[in-house]
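Here's a quick tour of one protein model. Have the sequence handy and take a look at the picture first.

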Amino acid sequence: MKKVQQHYDEVADIYDNRYDGNRGRYYHGHISDHVMREIPKGGFLLDLGCGTGLFVQRYVDDGGQAVGLDISPGMVRHGRQRCPGSGFCVGTADVLPFKDATFDALASLLAFSYVPDPEGMLRECFRVLKPGGRIAVCTLSRTVFTSIAPIVYQMGEKVGLKKVGVGDFDEHYYTNAEIAELFKAAGFESVSVSRCSFAHLNLADPVFNLARKVEPFVEEKLPYLAYNVCAGGKKPED
Ligand SMILES: C[S@@+](CC[C@H](N)C(=O)[O-])C[C@H]1O[C@@H](n2cnc3c(N)ncnc32)[C@H](O)[C@@H]1O
(Lines give C-alpha, C1' and ligand atoms only; values in the text may rest on other atoms or scores of the structure.)
Protein backbone atom coordinates (compact mmCIF):
# COMPACT_ATOMS: atom_id res chain seq x y z
CA MET A 1 0.00 0.00 0.00
CA LYS A 2 2.93 2.32 0.78
CA LYS A 3 4.21 1.75 -2.75
CA VAL A 4 0.95 3.02 -4.30
CA GLN A 5 0.95 6.05 -2.02
CA GLN A 6 4.57 6.80 -2.82
CA HIS A 7 3.93 6.50 -6.55
CA TYR A 8 0.96 8.88 -6.52
CA ASP A 9 2.84 11.35 -4.31
CA GLU A 10 5.61 11.31 -6.90
CA VAL A 11 3.30 11.89 -9.88
CA ALA A 12 0.80 14.22 -8.15
CA ASP A 13 2.22 17.37 -9.76
CA ILE A 14 1.96 15.92 -13.29
CA TYR A 15 -1.11 13.66 -12.86
CA ASP A 16 -3.53 16.16 -14.39
CA ASN A 17 -1.41 16.53 -17.54
CA ARG A 18 -2.80 13.26 -18.84
CA TYR A 19 -6.36 14.61 -18.60
CA ASP A 20 -5.64 18.10 -19.93
CA GLY A 21 -5.63 17.22 -23.63
CA ASN A 22 -8.67 16.27 -25.74
CA ARG A 23 -8.14 12.53 -25.39
CA GLY A 24 -7.66 12.69 -21.61
CA ARG A 25 -10.65 14.98 -21.10
CA TYR A 26 -12.83 12.70 -23.20
CA TYR A 27 -11.59 9.53 -21.44
CA HIS A 28 -12.17 10.81 -17.92
CA GLY A 29 -15.43 12.53 -18.89
CA HIS A 30 -16.73 9.28 -20.34
CA ILE A 31 -15.97 7.34 -17.16
CA SER A 32 -17.49 10.11 -15.06
CA ASP A 33 -20.69 9.96 -17.18
CA HIS A 34 -21.00 6.23 -16.46
CA VAL A 35 -20.54 6.83 -12.73
CA MET A 36 -22.98 9.79 -12.66
CA ARG A 37 -25.71 7.59 -14.18
CA GLU A 38 -25.54 5.28 -11.14
CA ILE A 39 -25.71 7.85 -8.31
CA PRO A 40 -28.13 10.61 -7.31
CA LYS A 41 -27.23 14.15 -8.47
CA GLY A 42 -27.26 17.06 -6.05
CA GLY A 43 -26.64 14.98 -2.91
CA PHE A 44 -23.71 14.58 -0.52
CA LEU A 45 -20.98 12.47 -2.14
CA LEU A 46 -17.90 10.68 -0.88
CA ASP A 47 -15.30 10.01 -3.61
CA LEU A 48 -12.82 7.28 -2.63
CA GLY A 49 -9.38 7.40 -4.23
CA CYS A 50 -10.36 10.91 -5.35
CA GLY A 51 -6.90 11.79 -6.67
CA THR A 52 -6.69 15.44 -7.72
CA GLY A 53 -10.44 15.93 -7.31
CA LEU A 54 -11.55 15.62 -10.95
CA PHE A 55 -14.77 13.80 -10.06
CA VAL A 56 -15.38 15.87 -6.92
CA GLN A 57 -15.38 18.91 -9.20
CA ARG A 58 -17.73 17.22 -11.68
CA TYR A 59 -20.20 16.33 -8.91
CA VAL A 60 -20.10 19.82 -7.41
CA ASP A 61 -20.51 21.43 -10.86
CA ASP A 62 -23.66 19.31 -11.24
CA GLY A 63 -25.10 20.81 -8.07
CA GLY A 64 -23.93 18.44 -5.33
CA GLN A 65 -21.62 18.63 -2.32
CA ALA A 66 -18.64 16.33 -2.04
CA VAL A 67 -15.83 15.03 0.11
CA GLY A 68 -12.76 13.30 -1.33
CA LEU A 69 -10.50 10.77 0.37
CA ASP A 70 -7.18 9.52 -0.99
CA ILE A 71 -4.18 7.67 0.33
CA SER A 72 -1.74 10.11 -1.27
CA PRO A 73 -1.21 13.45 0.51
CA GLY A 74 0.22 14.85 -2.75
CA MET A 75 -2.97 14.05 -4.70
CA VAL A 76 -5.14 15.42 -1.86
CA ARG A 77 -3.17 18.69 -1.93
CA HIS A 78 -4.13 19.12 -5.60
CA GLY A 79 -7.75 18.20 -4.84
CA ARG A 80 -7.91 20.95 -2.22
CA GLN A 81 -6.52 23.46 -4.71
CA ARG A 82 -9.02 22.40 -7.39
CA CYS A 83 -12.07 22.42 -5.13
CA PRO A 84 -11.47 24.76 -2.17
CA GLY A 85 -15.12 24.53 -1.16
CA SER A 86 -15.04 20.73 -0.71
CA GLY A 87 -13.59 18.62 2.07
CA PHE A 88 -10.59 16.36 1.44
CA CYS A 89 -8.79 13.92 3.69
CA VAL A 90 -5.88 11.53 3.52
CA GLY A 91 -6.73 7.93 4.33
CA THR A 92 -7.30 4.47 3.01
CA ALA A 93 -10.60 3.58 1.37
CA ASP A 94 -11.11 0.49 3.53
CA VAL A 95 -11.15 2.37 6.87
CA LEU A 96 -13.42 5.41 6.63
CA PRO A 97 -13.32 8.22 9.20
CA PHE A 98 -17.04 9.03 8.84
CA LYS A 99 -20.14 8.30 10.90
CA ASP A 100 -22.72 5.73 9.81
CA ALA A 101 -25.33 6.90 7.26
CA THR A 102 -23.55 10.14 6.30
CA PHE A 103 -23.64 10.17 2.47
CA ASP A 104 -26.26 10.01 -0.30
CA ALA A 105 -23.73 8.79 -2.83
CA LEU A 106 -20.41 6.96 -2.93
CA ALA A 107 -18.11 6.96 -5.97
CA SER A 108 -14.71 5.58 -6.80
CA LEU A 109 -13.03 6.06 -10.19
CA LEU A 110 -9.93 4.13 -11.27
CA ALA A 111 -8.90 3.37 -7.67
CA PHE A 112 -10.76 0.22 -6.51
CA SER A 113 -8.23 -2.07 -8.26
CA TYR A 114 -5.48 -0.81 -5.93
CA VAL A 115 -7.38 -1.36 -2.69
CA PRO A 116 -5.93 -4.43 -0.93
CA ASP A 117 -9.12 -5.15 1.01
CA PRO A 118 -12.03 -4.62 -1.42
CA GLU A 119 -14.47 -6.44 0.87
CA GLY A 120 -13.49 -4.09 3.71
CA MET A 121 -13.88 -1.04 1.47
CA LEU A 122 -17.39 -2.05 0.36
CA ARG A 123 -18.38 -2.88 3.96
CA GLU A 124 -17.28 0.63 4.95
CA CYS A 125 -19.11 2.17 1.94
CA PHE A 126 -22.29 0.39 3.01
CA ARG A 127 -21.90 1.67 6.56
CA VAL A 128 -21.39 5.36 5.66
CA LEU A 129 -24.17 5.44 3.03
CA LYS A 130 -27.65 6.52 4.09
CA PRO A 131 -30.39 3.92 3.60
CA GLY A 132 -31.48 4.24 -0.05
CA GLY A 133 -28.08 5.77 -0.97
CA ARG A 134 -26.22 4.59 -4.06
CA ILE A 135 -22.68 3.59 -4.90
CA ALA A 136 -20.79 3.45 -8.23
CA VAL A 137 -17.32 2.03 -8.72
CA CYS A 138 -15.47 2.23 -12.03
CA THR A 139 -12.22 0.31 -12.15
CA LEU A 140 -9.87 -1.75 -14.31
CA SER A 141 -11.55 -4.76 -15.87
CA ARG A 142 -10.06 -8.02 -16.98
CA THR A 143 -9.77 -8.07 -20.79
CA VAL A 144 -7.41 -9.46 -23.37
CA PHE A 145 -5.56 -6.10 -23.27
CA THR A 146 -5.48 -5.52 -19.53
CA SER A 147 -4.31 -9.08 -18.83
CA ILE A 148 -1.07 -8.44 -20.73
CA ALA A 149 -0.69 -4.71 -19.93
CA PRO A 150 1.30 -5.16 -16.68
CA ILE A 151 3.82 -7.43 -18.44
CA VAL A 152 4.21 -4.95 -21.31
CA TYR A 153 4.68 -2.02 -18.92
CA GLN A 154 7.18 -3.94 -16.77
CA MET A 155 9.17 -4.82 -19.90
CA GLY A 156 9.08 -1.13 -20.88
CA GLU A 157 10.49 -0.11 -17.51
CA LYS A 158 13.26 -2.70 -17.80
CA VAL A 159 14.42 -1.10 -21.05
CA GLY A 160 14.34 2.35 -19.43
CA LEU A 161 10.92 3.69 -20.46
CA LYS A 162 9.13 6.00 -18.03
CA LYS A 163 7.55 4.39 -14.98
CA VAL A 164 3.81 4.45 -15.44
CA GLY A 165 2.65 2.65 -12.31
CA VAL A 166 0.69 -0.15 -13.91
CA GLY A 167 1.28 -3.77 -12.97
CA ASP A 168 3.47 -2.68 -10.08
CA PHE A 169 1.10 -2.61 -7.14
CA ASP A 170 -0.63 -5.99 -7.28
CA GLU A 171 -3.64 -4.18 -8.71
CA HIS A 172 -6.59 -6.43 -9.49
CA TYR A 173 -8.44 -6.49 -12.82
CA TYR A 174 -12.08 -7.35 -12.12
CA THR A 175 -14.49 -9.51 -14.07
CA ASN A 176 -18.18 -8.49 -14.05
CA ALA A 177 -19.07 -11.52 -11.95
CA GLU A 178 -16.38 -10.82 -9.34
CA ILE A 179 -17.37 -7.22 -8.74
CA ALA A 180 -21.09 -8.06 -8.69
CA GLU A 181 -20.42 -10.74 -6.10
CA LEU A 182 -18.45 -8.31 -3.90
CA PHE A 183 -21.26 -5.72 -4.07
CA LYS A 184 -23.92 -8.29 -3.14
CA ALA A 185 -21.80 -9.74 -0.31
CA ALA A 186 -21.49 -6.21 1.17
CA GLY A 187 -25.30 -5.97 1.27
CA PHE A 188 -26.04 -3.82 -1.79
CA GLU A 189 -29.19 -4.48 -3.82
CA SER A 190 -30.15 -3.61 -7.42
CA VAL A 191 -26.56 -4.37 -8.40
CA SER A 192 -25.74 -3.56 -12.03
CA VAL A 193 -22.46 -4.08 -13.85
CA SER A 194 -21.44 -2.79 -17.27
CA ARG A 195 -18.20 -2.33 -19.18
CA CYS A 196 -16.91 1.06 -20.30
CA SER A 197 -13.97 2.67 -22.14
CA PHE A 198 -12.56 1.51 -25.44
CA ALA A 199 -11.03 4.84 -26.55
CA HIS A 200 -8.03 4.83 -24.19
CA LEU A 201 -6.15 8.10 -23.77
CA ASN A 202 -2.80 6.43 -24.47
CA LEU A 203 -3.80 5.61 -28.04
CA ALA A 204 -2.36 7.73 -30.87
CA ASP A 205 -4.82 10.29 -32.27
CA PRO A 206 -6.05 8.47 -35.43
CA VAL A 207 -6.54 5.19 -33.53
CA PHE A 208 -8.16 7.03 -30.62
CA ASN A 209 -10.65 8.75 -32.97
CA LEU A 210 -11.59 5.43 -34.51
CA ALA A 211 -11.86 3.75 -31.09
CA ARG A 212 -14.09 6.60 -29.90
CA LYS A 213 -16.45 6.11 -32.84
CA VAL A 214 -16.86 2.39 -32.18
CA GLU A 215 -16.87 2.72 -28.36
CA PRO A 216 -20.69 2.59 -27.93
CA PHE A 217 -20.82 -0.53 -30.13
CA VAL A 218 -17.97 -2.19 -28.21
CA GLU A 219 -19.53 -1.38 -24.82
CA GLU A 220 -22.84 -2.87 -25.86
CA LYS A 221 -21.96 -5.72 -28.20
CA LEU A 222 -18.32 -6.61 -27.41
CA PRO A 223 -18.07 -5.61 -23.72
CA TYR A 224 -15.16 -7.94 -22.99
CA LEU A 225 -12.97 -5.54 -25.05
CA ALA A 226 -13.71 -2.51 -22.82
CA TYR A 227 -10.95 -1.55 -20.35
CA ASN A 228 -13.04 -0.62 -17.34
CA VAL A 229 -15.92 -2.12 -15.43
CA CYS A 230 -18.54 0.08 -13.80
CA ALA A 231 -20.63 -1.38 -10.97
CA GLY A 232 -23.57 0.27 -9.22
CA GLY A 233 -25.70 -0.68 -6.24
CA LYS A 234 -28.13 0.62 -3.64
CA LYS A 235 -28.17 0.37 0.14
CA PRO A 236 -31.62 -0.99 1.02
CA GLU A 237 -34.10 1.44 2.61
CA ASP A 238 -34.62 0.83 6.33
C1 LIG B 1 -5.57 6.32 -11.14
S2 LIG B 1 -5.74 7.38 -9.76
C3 LIG B 1 -7.46 7.90 -9.93
C4 LIG B 1 -7.71 9.20 -9.24
C5 LIG B 1 -9.08 9.79 -9.45
N6 LIG B 1 -10.13 8.93 -8.92
C7 LIG B 1 -9.32 10.08 -10.90
O8 LIG B 1 -10.30 9.57 -11.45
O9 LIG B 1 -8.55 10.85 -11.50
C10 LIG B 1 -5.84 6.23 -8.40
C11 LIG B 1 -5.94 6.92 -7.04
O12 LIG B 1 -6.26 5.95 -6.05
C13 LIG B 1 -5.56 6.31 -4.87
N14 LIG B 1 -5.50 5.11 -4.00
C15 LIG B 1 -4.81 3.96 -4.23
N16 LIG B 1 -5.02 3.10 -3.21
C17 LIG B 1 -5.85 3.72 -2.33
C18 LIG B 1 -6.42 3.35 -1.08
N19 LIG B 1 -6.20 2.16 -0.52
N20 LIG B 1 -7.24 4.23 -0.45
C21 LIG B 1 -7.48 5.46 -0.99
N22 LIG B 1 -6.94 5.87 -2.17
C23 LIG B 1 -6.15 5.01 -2.84
C24 LIG B 1 -4.21 6.80 -5.39
O25 LIG B 1 -3.50 7.57 -4.45
C26 LIG B 1 -4.65 7.61 -6.62
O27 LIG B 1 -4.91 8.95 -6.30
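What follows covers one strand, the core and the ligand's surroundings.

This is a predicted model, so local features need pLDDT of at least 70 and side-chain atom pairs count only at pLDDT 80 or more, while totals for chains, interfaces and linings use all residues. Residues are numbered from 1 along each chain as its sequence is written.

**Strand β5 and its partners**
- Helices (H or I, at least four residues) and strands (E, at least two) are DSSP runs, numbered from the N terminus.
- Strand β5 (residues 129-140) has 9 of its 12 residues buried, so the rest of the structure largely encloses it; buried means that 20 or more other C-beta atoms, placed from the backbone, lie within 10 Å of a residue's own.
- Two strands pair if DSSP finds at least two bridges between them.
- β5 pairs with strand β4 (residues 103-109) in the parallel sense over 6 bridges.
- With strand β7 (residues 228-234), β5 pairs in the antiparallel sense over 7 bridges, and Ile135 has Gly233 in β7 as its bridge partner.

**The core**
- The largest nonpolar core (buried Ala, Val, Leu, Ile, Met, Phe, Trp, Tyr and Cys residues joined through C-beta atoms within 7 Å) has 57 residues, and Cys138 is among those touching the most other members.
- β5 gives the most to this core, with 6 residues.

**Around the ligand**
- 20 residues surround the ligand, and the closest include Tyr8 and Ser72; a residue is near a molecule if its C-beta atom, placed from the backbone, lies within 6 Å of it.
- Helices α1 (2-11) and α4 (54-61) are the elements that each give two or more residues to this shell.
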